[in-house]
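Colleague: I am new to this structure and should be grateful for a guided discussion of its main features. May I put my questions in turn?

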Amino acid sequence: MVLSELYQLAEDNRIEIDYFPMRQAVSLSLPEGFIAMDVDKLMDTADEKACLAHEMGHCLTGSFYNIYSSCDIRSKREACAQRWAIRHLVPTQELAEAVEAGFTEPWELAEYFGVPEPLIRQAEELYACTQ
């Protein structure tokens with residue numbers, strides 16, 4: 001999924017995206033269908049894509065928590081949002097096809113999919129657990 005498709009998916013789902021500086025957070029999402037991103041904290045398009053997909057994961061799966069939630073609840077909600085991001089940015093079949101085409105190093109796959117390398121490593125872990 002390319003960045004423009006993520007933005008279109010947000011629009012199709014009536015998720016509003018705004019950009020403004022934040023003290024600590026790079027991004028956040030609210031159950032009302034709102035995502036905020038601090039573009040000055042994003043390194044490149046790959047970071048923007050991963051960040052937006054993660055926040056979209058919160059919105060589209062309903063994986064929200066409040067600041068008073070236990071660490072257990074927070075980690076479950078974050079994991080759910082990140083799984084959504086991984087499945088949409090690095091689909092398992094496309095990952096298999098890329099590996100078959102010779103892209104085997106995490107940095108190569110990151111460039112191929114246009115995502116940060118840590119997301120590729122997370123995808124490898126996720127798909128290893130589901131096979």
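**Rings, sheet and pocket**

Colleague: Does F103 count as buried or partly exposed, and what is its relative accessibility?

Modeller: Please bear in mind that this is a predicted model. Buried would require under 20% relative accessible area, and exposed over 50%. F103 falls between these limits and so counts as partly exposed, with a relative accessibility of 30%.

Colleague: Which kind of aromatic pair do F103 and Y112 form?

Modeller: The structure holds 2 aromatic pairs. In the pair of F103 and Y112, the centres lie 4.7 Å apart and the planes make an angle of 40 degrees. Stacked planes would be under 30 degrees apart and edge-to-face planes over 60, so the remaining class applies. The pair of F103 and Y112 is therefore tilted.

Colleague: Which kind of aromatic pair do Y112 and F113 form?

Modeller: The ring centres of Y112 and F113 are 5.0 Å apart, with 80 degrees between the planes. Since planes over 60 degrees apart fall in one class, the pair of Y112 and F113 is edge-to-face.

Colleague: Which residue of the pair Y112 and F113 is buried?

Modeller: Y112 has a relative accessibility of 44% and therefore counts as partly exposed. For F113 the relative accessible area is 7%, and the limit for buried is under 20%. Ring pairs link F103, Y112 and F113 into a cluster. The buried residue is F113.

Colleague: Turning to the sheet, what is the order of its strands?

Modeller: The edge strands, each pairing on one side only, are β1 (16-19) and β2 (27-30). β2 pairs with β3 (residues 34-37) in the antiparallel sense over 4 bridges, and S29 stands opposite I35 in β3. Neighbouring strands are turned by 15 degrees against each other on average, direction ignored. This open sheet of 3 strands has mixed pairing and the order β1-β3-β2.

Colleague: Which element gives the most to the lining of the largest pocket?

Modeller: The largest pocket has a volume of about 230 Å³. Elements that give two or more residues to its lining are β2, α2 (45-61) and α3 (71-89). With 4 residues, the element that gives the most is α2.

Colleague: Which residues lining the largest pocket are the closest to its centre?

Modeller: By class, the lining has 5 nonpolar, 6 polar and 3 charged residues. Of the 14 lining residues, the closest to the centre of the largest pocket are L28, S29, H58, Y65 and E78.

Methods. Residues numbered from 1 in each chain as written. Predicted model: local features only at pLDDT ≥ 70, side-chain atom pairs only at ≥ 80, totals over all residues. Heavy atoms only, no water. Phe/Tyr/Trp six-rings, centres within 6.5 Å; stacked < 30°, edge-to-face > 60°. Buried < 20%, exposed > 50% of the residue type's maximum accessible area, 1.4 Å probe, protein only. Pairing = 2+ DSSP bridges. Axes fitted to C-alpha atoms, helices over the stretch in contact; angles between N-to-C directions. 1 Å grid on protein atoms, 1.4 Å probe; cavity = no way out; pocket = protein on both sides within 12 Å on 5 of 7 lines; lining within 4 Å. Points joined across faces, edges and corners; volume = space filled by probe spheres on them. Nonpolar A, V, L, I, M, F, W, Y, C, P; charged D, E, K, R; others polar.
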